[in-house]
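Visitor: I would like to learn how the labels on a model like this one are earned. Could you take me through the reasoning?

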Amino acid sequence: MSSTQTCSGMENKLIAYLDGRAKPAERRAVEEHLAACADCRLRAEDFRALWSVMEDLPVLSPSPAFDAALRTKIAKEPALRGFWQWLPSPRLAFAVTALVVMSVWLSSMPRIAGGRNKMEARIEAKATQVTAEADYRMIRDLPVLENYDVLSKFDALSELSDSPVGVTKVGAGQAQ
Amino acid sequence: MKRVRQDVEAMARTDVQLMLDVKAGDDQSFELLLRRYRTPLVNFLYRMVRDPGVAEELAQEVFLRVYRARKEYAPSAKFTTWMFRIATNLALNSVRDNRHRQMEISMDHSVNPGDDDPPAMQVADGAPTIEQEMVARTRAEMILKAVHALPEKQRAAVLLHKYQELDYDEIARILECSESALKSLLFRAYETLRAELAPLVNSVRA
Ligand SMILES: [Zn+2]
C-alpha cells in the first residue's frame, strides 16, 4: 500500500487502463492511484469524455472513381514484374540484378576511358541508375516482411563488389 | 444464392488468407481487401494530411504497393500492421514534403491563412437539419483541427489508436517505438487534445 504510484507514473498506464487493455497488475496500480488522486481522476474522466467527443468526426467516403482509378494503375504495372516472377525468390532476384548492374559497370569502365562516345556512356549510366532505383524501391516496399533477409543478402553482395573474383564465384554458384 | 454464399464466405476470410490468395494469383481477393480497407485508409490518410485529394492519391499508392509486394508477402506480421505502416510512411513523407513546399512559397509570398481551411467534404451519413449539420460541422472542424495540430507522430498514434483501434504492439511497430513509449506518446497527445477541445469535453461531462 505504501508503494502508491506517482502522477507521472500514470503516463504510460492510464490510456491502456481506460481503453480496457491494461494487464491486471497495471490495472490495480492505476486504480490504487486514482483512489488517492483527484487530479488523475479528473483527467481519467476527461479522457473518457474526449474519446466520446472524438467519435463525432465524420467518415469520408472514397470518391466513386477510386476503384476504377486504382484498377487502371494496377493494369499499368510495368512488365518488370515478369522478370521478378521468373526468378524463384526475391533474394535470387537481387543477386542477379546486382550482378547485372556490376557487370555493366565493370565492363563500361575501360571503354569509357578508351574514348567511347558520350551518348552511349550516358545511356548506360542511366540504365544502371534505373535498376538501382528499382532495387531501392523493392527494399522500401517490403516493410516488416523479408526486409531483414533481403537487406542482409544485399549487403553481402555489395561488399563483394570490390573484388571481381568473389563476384565470379557467386555467379557460378547461382548458375548451378 | 450461390453468389451470395460465396461473398459471405469471402468476407469471413481473414486478411492474411486473402493476401495469400492474392499472392497465388487471385485478383478477386485483392478486390475484397480493397473493399475492406479503402474507407479506413482514405479516412486515416485524410486525417493525417487534411487534403481529401491527396488522401485518395496516397490510399491508392498504398494499395498499389501492397499489390506489387504480393509475391514477397509472408504473414510474419498482421496485415493491418503492414498496410498501415506503408500508409503512415507515405503520409509522413507527404506532410514533410508539403511543409517544405509551403516554406518555399512563404519565401516569395506571405501565406494566406485561409488556405489551411479544410475543404467542403462529402459525409457518409443520414440527413440532419441544416442547424444540426452546422453544429456537427463546427464540432468536426474543431476536432480535426486539434488532431492536425498534434506533432506528426502523436497524430498518427492517436489516429491508429482511437480510430483504427489497432493493438499497442501493432502501433508500436508502425511507429518504430516501444509499447511503453507509445503509451506515453498517446498520453501526451490526449492531454493536448483535452486542453484544445476543453469546451467540447466539458459539454459532454456536464
Ligand atoms: Zn495523480
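Guide: Happily; we will set some values beside their cut-offs. This is a predicted model, in which local features need pLDDT of at least 70, side-chain atom pairs count only at pLDDT 80 or more, and totals for chains, interfaces and linings use all residues. Residues are numbered from 1 along each chain as its sequence is written, chains are lettered from A and ligands numbered from 1 in the order in which they are written, and side-chain values use heavy atoms, with hydrogens and water left out.

Visitor: What are the protein donors of the zinc ion?

Guide: They are A:Cys7 (SG), A:His33 (NE2), A:Cys37 (SG) and A:Cys40 (SG), lying 2.1 to 2.3 Å from the zinc ion. Donors are N, O and S atoms within 2.8 Å of the metal (3.2 Å for Na, K and Ca); water is not among the atoms, so sites may look incomplete. In sequence the spacing of these residues reads C-x25-H-x3-C-x2-C. A:Cys7 sits in the segment before α1 (14-18) of chain A and A:His33 in helix α2 (residues 24-36) of chain A, 26 residues apart, so this pair links distant parts of the chain.

Visitor: Why is the arrangement around the zinc ion called tetrahedral?

Guide: Four donors count as tetrahedral if all angles lie between 85 and 135 degrees. The four donor atoms here subtend angles of 99 to 115°, so the arrangement is tetrahedral. For comparison, the ideal angle for four tetrahedral donors is 109.5 degrees.

Visitor: Is A:His33 buried or exposed, and what about A:Cys7?

Guide: Buried means under 20% relative accessible area, exposed over 50%, and partly exposed in between (1.4 Å probe, protein chains only). A:His33 has 5%, so A:His33 is buried. A:Cys7 has 36%, so A:Cys7 is partly exposed.

Visitor: What makes α2(B) oblique to α3(B)?

Guide: The axes of helix α2 (residues 15-23) and helix α3 (residues 27-49) of chain B come within 8 Å and cross at roughly 140°. Angles under 35 degrees count as roughly parallel, over 145 as roughly antiparallel, 65 to 115 as roughly perpendicular and the rest as oblique. The crossing angle therefore makes α2(B) oblique to α3(B).

Visitor: And why is α4(A) called oblique to α3(B)?

Guide: Helix α4 (residues 66-75) of chain A and α3(B) pack at about 125°, with their axes 12 Å apart. That angle makes α4(A) oblique to α3(B). Residues making the contact (heavy atoms within 4.5 Å) include A:Phe66 and A:Leu70 of α4(A) and B:Phe30 and B:Leu34 of α3(B).

Key
Four donors count as tetrahedral if all angles lie between 85 and 135 degrees; four count as square planar and six as octahedral if opposite donors are over 155 degrees apart and all others between 65 and 115; anything else is irregular. Helices (H or I, at least four residues) and strands (E, at least two) are DSSP runs, numbered from the N terminus. Axes are lines fitted to C-alpha atoms, for helices over the stretch in contact, and angles run from 0 to 180 degrees between N-to-C directions.
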